[in-house]
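Visitor: I've got a model open and I'd like to learn how to read it. Could you walk me through it, feature by feature?

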Amino acid sequence: MRTVRVVTGGTSGMGLATAKALGADGPVLIGGRNEARMARALDELKAAGVEAYGSQLDVSDAASVAAFAAKAADIAPIGTVVHAAAVDMDNADTDTIVRINVLGTVNVVNAFFPRMIEGSTLVNFASVTGYYYRPTADELAVWDDPGNAELAERFTAGLTPFDAPGLPDSAAAYFASKAFVMRYTKANAQRFASRGCRIFSVSPGSFMTPMLETQEENYDSIKKTTVFERFGDPDEMAYLVASLVDSRAGYLTGADVLMDGGMFAKRCVPQLS
Ligand SMILES: NC(=O)c1ccc[n+]([C@@H]2O[C@H](COP(=O)([O-])OP(=O)(O)OC[C@H]3O[C@@H](n4cnc5c(N)ncnc54)[C@H](OP(=O)(O)O)[C@@H]3O)[C@@H](O)[C@H]2O)c1
């Protein structure tokens with residue numbers, strides 16, 4: 001059956017690389033806010049031979065996400081949804097991070113869930129940073145009630161600020177938002193299984209995308225946090241996602257897959273020589 005692959009944040013970085021990989025065997029719909037970035041991404045996808053469609057999308061706005069999901073369903077039944085859209089702590093404040101990364105994920109999952117066909121998969125982008133955030137019991141009570149109309153306000157109020165030199169004030173919100181994405185993904189596993197669908201998350205370490213542009217003076221030190229002493233290539237993440245949405249990986253659901261060049265292992269476990 002002809003199905004459409006949907007990629008939020010498909011106009012840049014790992015979302016764009018994933019759209020290209022998924023577009024090898026079917027139509028792709030990408031979403032993002034910036035029109036110029038969207039036009040460039042569509043040109044790039046079409047030049048690579050992808051049947052590509054684009055639609056304006058702000059994931060923090062439930063109505064925008066609902067319209068985006070309807071546009072996807074107009075193209076074809078929905079086979080795969082990759083939710084890569086997010087903002088980073090270096091270019092957004094706490095409120096913006098919570099609205100886009102936390103509410104945005106809830107909006108995307110809820111808008112697409114009723115439209116997913118049996119055998120389809122939704123993939124959320126989390127982050128290695130989510131592995132470092134330890135929510136309190138009070139925070140978990142908020143996170144486990146994602147349907148609450150005041151989720152964003154309650155999420156922000158519960159945050160424990162980091163006392164770490166070199167990190168911006170919004171770091172706690174970014175780390176927590178990605179820990180939330182992982183937990184919310186797990187919380188949806190049974191719900192998705194009830195429709196014969198899967199949901200999992202992927203956690204990048206440091207990948208060379210526009211999101212890292214503001215970090216240029218730290219490139220060398222970031223690379224040294226990995227065992228390979230290099231950044232990830234967006235195509236490596238695209239390959240991972242494209243492989244794992246394949247039905248041959250059909251037992252994978254409710255889990256996070258960490259692809260960080262050994263960053264977490266190196267930091268958390270003494271490395272053998
Ligand atoms: N790069 C890394 O090292 C790294 C590490 C860990 C996790 N991640 C995660 O991996 C994912 C992809 O990151 P990337 O580095 O590829 O990012 P990127 O190149 O900065 O691209 C981010 C994408 O998200 C879109 N976006 C942002 N806010 C949006 C909104 N409100 N509504 C719709 N689209 C929105 C952007 O388009 P517009 O701005 O035009 O809307 C863009 O297409 C993100 O979830 C990120 O948090 C990245």
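## Reading the helices, the core and the loops

Guide: Let's start with a helix pair: helix α1 (residues 13-22) packs with helix α10 (residues 234-244) at an angle of about 50 degrees, and their axes are 8 Å apart. That angle makes α1 oblique to α10. Keep in mind that this is a predicted model.

Visitor: What are the two things used to describe packed helices?

Guide: The angle between their axes and the distance between the axes. Here there is also a handedness to note, as α1 passes α10 in a right-handed crossing.

Visitor: Which residues of α1 and α10 meet?

Guide: On the α1 side, look for Gly13, Met14, Ala17, Thr18, Lys20, Ala21 and Leu22. Their partners in α10 are Pro234, Asp235, Met237, Ala238, Tyr239, Val241 and Ala242. Sorted by class, this contact of α1 with α10 has 10 nonpolar, 2 polar and 2 charged residues.

Visitor: How many residues of α1 are buried?

Guide: 10 of the 10 are buried, so α1 is largely enclosed by the rest of the structure. Try colouring the elements that its buried residues pack against: β1 (4-8), β2 (28-32), α2 (35-47), β4 (78-83), β6 (198-204) and α10. Lys20 is among the buried residues, along with Gly15, Leu16 and Ala19.

Visitor: Now a second pair. At what angle do α3 and α4 cross?

Guide: Helix α3 (residues 62-75) and helix α4 (residues 94-112) cross at roughly 35 degrees, and their axes come within 9 Å. This is a right-handed crossing of α3 past α4. Ala62, Val65, Ala66 and Ala69 of α3 make the contact with Asn107, Val108, Ala111 and Phe112 of α4. By class, that contact has 7 nonpolar, 1 polar and no charged residues.

Visitor: And how do α4 and α7 lie against each other?

Guide: Their axes cross at roughly 10 degrees and come within 9 Å. That makes α4 roughly parallel to α7. From α4 the contact uses Thr94, Ile97, Val98, Asn101, Val102, Thr105 and Val106. From α7 it uses Ala173, Tyr174, Ser177, Phe180, Val181 and Tyr184. The class count for α4 with α7 is 9 nonpolar, 4 polar and no charged residues.

Visitor: I notice gaps in those lists. Why do residues three or four places apart point the same way in an α-helix?

Guide: Because an α-helix has 3.6 residues a turn. For a case here, step along Ile97, Asn101 and Thr105 of α4, which are among the residues in contact with α7.

Visitor: What should I look for in the interior?

Guide: In soluble globular proteins, nonpolar side chains tend to be buried together. In this model the largest nonpolar core has 72 residues, and the ones touching the most other members are Val6, Val28, Phe112 and Val241. Helix α7 (residues 171-187) gives the largest share of this core, 11 residues.

Visitor: What does Val28 touch beyond its sequence neighbours?

Guide: Leaving aside residues within four places in sequence, Val28 is in contact with Arg5, Val7, Ala19, Leu22, Gly23, Leu45, Val50, Glu51 and Ala52.

Visitor: Now the backbone. What sign of phi do most residues other than glycine have?

Guide: Negative, for most of them. Glu229 goes the other way: it isn't a glycine, but its phi is positive, about 55 degrees. You'll find Glu229 in the loop between α9 (219-224) and α10.

Visitor: Is Glu229 buried or exposed?

Guide: Exposed, because 12 other C-beta atoms lie within 10 Å of Glu229, and 12 or fewer is the cut-off for that class.

Visitor: Where might I look for residues in between?

Guide: Try Leu258, in strand β7 (residues 256-259). Leu258 is partly exposed, with 19 other C-beta atoms within 10 Å; a buried residue needs 20 or more. Outside its sequence neighbourhood of up to four places, Leu258 touches Val128, Ser203 and Phe264. Gly262, in the loop between β7 and α11 (263-268), also counts as partly exposed, with 17 C-beta neighbours inside 10 Å. Its contacts, leaving aside neighbours within four places, are Thr226, Val227 and Phe228.

Visitor: What about Ile117 in strand β5?

Guide: Ile117 counts as partly exposed too, with 14 C-beta neighbours inside 10 Å. Not counting residues up to four places away in sequence, Ile117 touches Thr3, Pro77 and Ile78.

Note on methods
Residues numbered from 1 in each chain as written. Predicted model: local features only at pLDDT ≥ 70, side-chain atom pairs only at ≥ 80, totals over all residues. Axes fitted to C-alpha atoms, helices over the stretch in contact; angles between N-to-C directions. Helix = DSSP H or I, 4+ residues; strand = E, 2+ residues; numbered from the N terminus. Parallel < 35°, antiparallel > 145°, perpendicular 65-115°, else oblique. Left-handed = near helix turned anticlockwise from the far one by under 90°. Contact = placed C-beta atoms within 7 Å. Nonpolar A, V, L, I, M, F, W, Y, C, P; charged D, E, K, R; others polar. Core = buried A, V, L, I, M, F, W, Y, C linked by C-beta atoms within 7 Å.
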